[in-house]
Amino acid sequence: MLKKLLKHEWKATYRGLLTVHLALLVLSLIGAGTLNALQSGSVSDSVWGFYLVVFALMIFVSVIVTHALLIVRYYRNLFTAEGYLTNTLPVTAGAQLLCKLLNYLIWAVLNILCIIAAFLLLEPKASGKVILDLFGALPELAGSYGLSLTLCAILTVILAVLVSLTVTILL
């Protein structure tokens with residue numbers, strides 16, 4: 001039954017959130033073109049500055065809208081007239097909460113991945129170098145704690161992010 005709940009939850013949330021994340025990725029592609037035009041000298045610095053402000057606002061909006069829409073969906077689905085129908089389903093309250101939690105986690109991770117992809121699309125060379133430098137620092141960090149496997153450090157970071165997202169959602 002959890003699979004069916006997740007399917008319907010996904011159908012209810014993907015339209016609005018997918019639009020926001022696609023807009024962020026399209027904006028980063030526009031920025032890549034603007035950056036190329038800036039380097040060739042056909043665009044002024046003020047246009048690039050305006051773009052950076054809009055890009056930063058779009059990242060902020062994508063984070064806020066993702067969380068706000070999922071919170072509103074949670075409230076409406078459990079505590080309004082729609083909640084009356086939800087609570088008549090032959091599903092336990094724990095399964096309903098788990099469905100909401102998993103949907104929220106999926107969208108939170110997709111939001112983070114879209115923001116990373118937006119930076120990679122904006123400036124692939126510089127962004128890729130920063131990410132490679134970050135992953136290059138992980139073995140040094142693991143060695144300082146006596147860990148010999150980089151995989152342990154990467155898994156620890158991923159686990160910490162997921163736990164912090166889960167705690168944030170549950171609060």
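This report walks through the aromatic rings, the nonpolar core and a nonpolar surface patch of the structure above. Keep in mind that the model is predicted.

**Aromatic rings**

Searching the whole structure turns up 3 aromatic pairs. Two of them are worth a look here, and the table sets them side by side.

| Pair | Centre to centre | Angle between planes | Geometry |
|---|---|---|---|
| Tyr51 and Phe55 | 5.7 Å | 25° | stacked |
| Phe55 and Phe119 | 5.5 Å | 90° | edge-to-face |

Take the stacked pair, Tyr51 and Phe55. Both sit in helix 2, which covers residues 45–79, and because they are 4 residues apart there, about one helical turn separates them. How does the edge-to-face pair differ in its place along the chain? Phe55 belongs to helix 2 and Phe119 to helix 4, so this pair ties together parts that are 64 residues apart in sequence. Put together, the ring pairs link Tyr51, Phe55 and Phe119 into a cluster.

Which of these rings are buried, and which are partly exposed? Tyr51 has a relative accessibility of 6%, so it counts as buried, the cut-off being under 20%. Phe55 is buried too, with a relative accessible area of 4%. Phe119, on the other hand, is partly exposed, with a relative accessible area of 38%.

**The nonpolar core**

Tyr51 and Phe55 come up again inside the protein. The largest nonpolar core has 13 residues, and Leu24, Trp48, Tyr51 and Phe55 are the ones with the most contacts inside it. At least two residues of this core come from each of helix 1, helix 2 and helix 4. As background, nonpolar side chains in soluble globular proteins tend to be buried together.

What does Tyr51 touch beyond its neighbours within four places in sequence? Its contacts are Leu27, Ser28, Gly31 and Leu122.

**The nonpolar patch**

Now for the outside. A nonpolar surface patch of about 930 Å² is built from a set of residues that includes Trp10, Tyr14, Leu18, Ile106, Leu110, Leu120, Val157 and Val161. Three helices each supply at least two of the patch residues: helix 1 (2–40), helix 4 (93–122) and helix 6 (150–170). Which helix gives the most to the patch? That would be helix 4, with 6 residues.

One patch member to pick out is Tyr14, which lies in helix 1. With a relative accessibility of 30%, Tyr14 counts as partly exposed.

Methods:
Residues are numbered from 1 along each chain as its sequence is written. This is a predicted model: local features need pLDDT of at least 70, side-chain atom pairs count only at pLDDT 80 or more; totals for chains, interfaces and linings use all residues. Side-chain values use heavy atoms; hydrogens and water are left out. Patches are made of residues with over 30% relative accessible area and no salt bridge: like charges are joined within 9 Å, nonpolar side chains (Val, Leu, Ile, Met, Phe, Trp, Tyr) within 5 Å. Accessible areas come from the Shrake-Rupley method with a 1.4 Å probe; for residues, only the protein chains shown count as cover. A salt bridge is a side-chain nitrogen of Lys or Arg within 4 Å of a carboxyl oxygen of Asp or Glu. Buried means under 20% relative accessible area, exposed over 50%, partly exposed in between (1.4 Å probe, protein chains only). Rings of Phe, Tyr and Trp (its six-membered ring) pair if their centres lie within 6.5 Å; planes under 30 degrees apart count as stacked, over 60 as edge-to-face and the rest as tilted. A nonpolar core is a set of buried Ala, Val, Leu, Ile, Met, Phe, Trp, Tyr and Cys residues joined through side-chain atoms within 4.5 Å. Contact means heavy atoms within 4.5 Å.
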